[in-house]
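Me: I would like a close look at one part, namely the open space that a probe can find, followed outward into its surroundings. Please state the cut-offs as you go.

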Amino acid sequence: MSKAASDGDPGGSAERALSAMFRRLIRETGPISLAQFMGESNARYYSSRDPLGAAGDFITAPEISQMFGELVGLWLADLWSQMGSPERVLYVELGPGRGTLASDALRTAAKFGLNPQVHFVEGSASLRAIQRGTIPGVTHHDDLGSVPEDAPLLLVANEFFDALPIRQLVRTAQGWRERMVGLEDDRFVFVAGDKPMDSAVPEKWRDADEGALIETCPAAASVMSEIATRLAKQGGAGLVVDYGTTELRSGSTLQAIRSHEKVDVFAAPGEADLTAHVDFEMLRHVAADQGAQVMGPTTQGQWLRALGIDRRLKALQRQSPGNADKIKRQRDRLVDESEMGALFKVMGLSGGGWPTAGAGFG
């Protein structure tokens, strides 16, 4: 997510209640996992607000420019047409925000005759209400399990995986341990757990130097496994777009965003967006293991250029010459390496005999 930081007053009754619950739990049972802290904080956060836009906490690519969603729609329509344009197909989006990406993608896809049934996986009642206004007739689901199984999927997950709860493992003198959340003078602090975690560490990291820290995300592995299994069984294609790395690296990427500013990750549980970089190396392996074909990942900047964002830029500038500079700035934010272009990655998926060489993954 395009995110920035002010320490600001973390107040609010929801934040205080969640902080008090965590403190009570830690005093009674000992340190809790970072995954629990992050998972419960984000569950509270996303269930209570619209976090997007200038009045929210962050902005995503579809909110920056219509060009992003339009090119997603073009990519999906291209693979669909290569498959002979099957009549029944499902558009499925995980964590669809306000529905902006879907609106732009579906409008573009319709120009090629693709008019799929729309299904959103969304847990927030606040966002569901907004999405129903953006995409009339959308069907909502709490998870992928209730999405129909009788048609190919066109699946999109934009900035979905980064908000799933992570675990952090640190190499100590005694071996690998899980990084936990404890208390020191009533303040939340990181502490090393007492249980050996060497078996949870990838083989190539087992003998890393003391102090090395890696992040794992069992929740992301579980979701990707289900996506890949469904694609292999039902057919279809998908796109995963998020910020992250193409191979596992050492170091913490956990961050908290509130009002477009970075804040301390412990400052306002339930009132700030907690995220971490996505491990695309892991997602790629999980998807392949479950029978999906994997494309990429590549960088968002490279993918959007390959899909023709510069041609679309010129067309929009011609349509609205008075906004030409603004439209160019929006394009730059999406593709420039100093903005979202390099940090954000795009990974394609397909299954059930669908094409394995989608546009942009040369």
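Reply: Helices and strands here are DSSP runs, numbered from the N terminus, with helices (H or I) of at least four residues and strands (E) of at least two. The model is predicted, so that local features need pLDDT of at least 70 and side-chain atom pairs count only at pLDDT 80 or more, whereas totals for chains, interfaces and linings use all residues. Residues are numbered from 1 along each chain as its sequence is written, and side-chain values use heavy atoms, with hydrogens and water left out.

The part to examine is the largest pocket, which encloses about 800 Å³ of space. A pocket is an open set of points on a 1 Å grid over the protein atoms alone, with protein on both sides within 12 Å along at least five of seven lines, while a cavity is a set where a 1.4 Å probe fits but cannot get out; lining residues have an atom within 4 Å of a point. Points are joined across faces, edges and corners, and a volume is the space filled by probe spheres set on them.

Of the 38 residues that line the largest pocket, Y46, G95, E122, F160 and A163 lie nearest its centre. Two or more lining residues come from each of α2 (34–47), α3 (61–64), β2 (90–94), α5 (100–110) and α7 (218–234), and the largest contribution is that of α2, with 6 residues. By class (Ala, Val, Leu, Ile, Met, Phe, Trp, Tyr, Cys and Pro nonpolar; Asp, Glu, Lys and Arg charged; the others, Gly among them, polar), the lining of this pocket has 20 nonpolar, 10 polar and 8 charged residues.

Several of these elements also take part in other features. In α3, E63 meets R98 in a salt bridge, with 3.5 Å from N to O; the term requires a side-chain nitrogen of Lys or Arg within 4 Å of a carboxyl oxygen of Asp or Glu. Because R98 lies in the loop between β2 and α5 while E63 lies in helix α3, the pair ties together parts that are 35 residues apart in sequence. The structure holds 19 salt bridges.

Helix α5 reappears at the largest cavity, to whose lining it gives the largest share, 3 residues; α4 (66–82) likewise supplies at least two. This cavity has a volume of about 40 Å³, and its lining consists of G73, L76, Y91, A105, L106, A109, L114, P116 and L154, of which 8 are nonpolar, 1 is polar and none is charged. The search of the whole structure finds 1 cavity of 30 Å³ or more.

Helix α7, in turn, packs against α8 (residues 280–289) at an angle of about 35°, with the axes 8 Å apart; axes are lines fitted to C-alpha atoms over the stretch in contact, and angles run from 0 to 180 degrees between N-to-C directions. The contact, meaning heavy atoms within 4.5 Å, is made by A220, A221, M224, S225 and A228 of α7 and M282, L283, V286 and A287 of α8, a set with 8 nonpolar, 1 polar and no charged residues.

A second largest pocket, of about 270 Å³, is lined by 20 residues, with E215, T253, H277, V278 and D279 nearest its centre. Its lining receives at least two residues each from β9 (213–216) and β14 (278–279), and β9 gives the most, with 3 residues.

Two backbone details deserve a check. E159, in the loop between β5 (153–158) and β6 (167–172), has a positive phi of about 50° although it is not a glycine. A cis peptide bond with omega of about 10° joins G296 and P297, and P297 is placed in strand β15 (residues 293–299).
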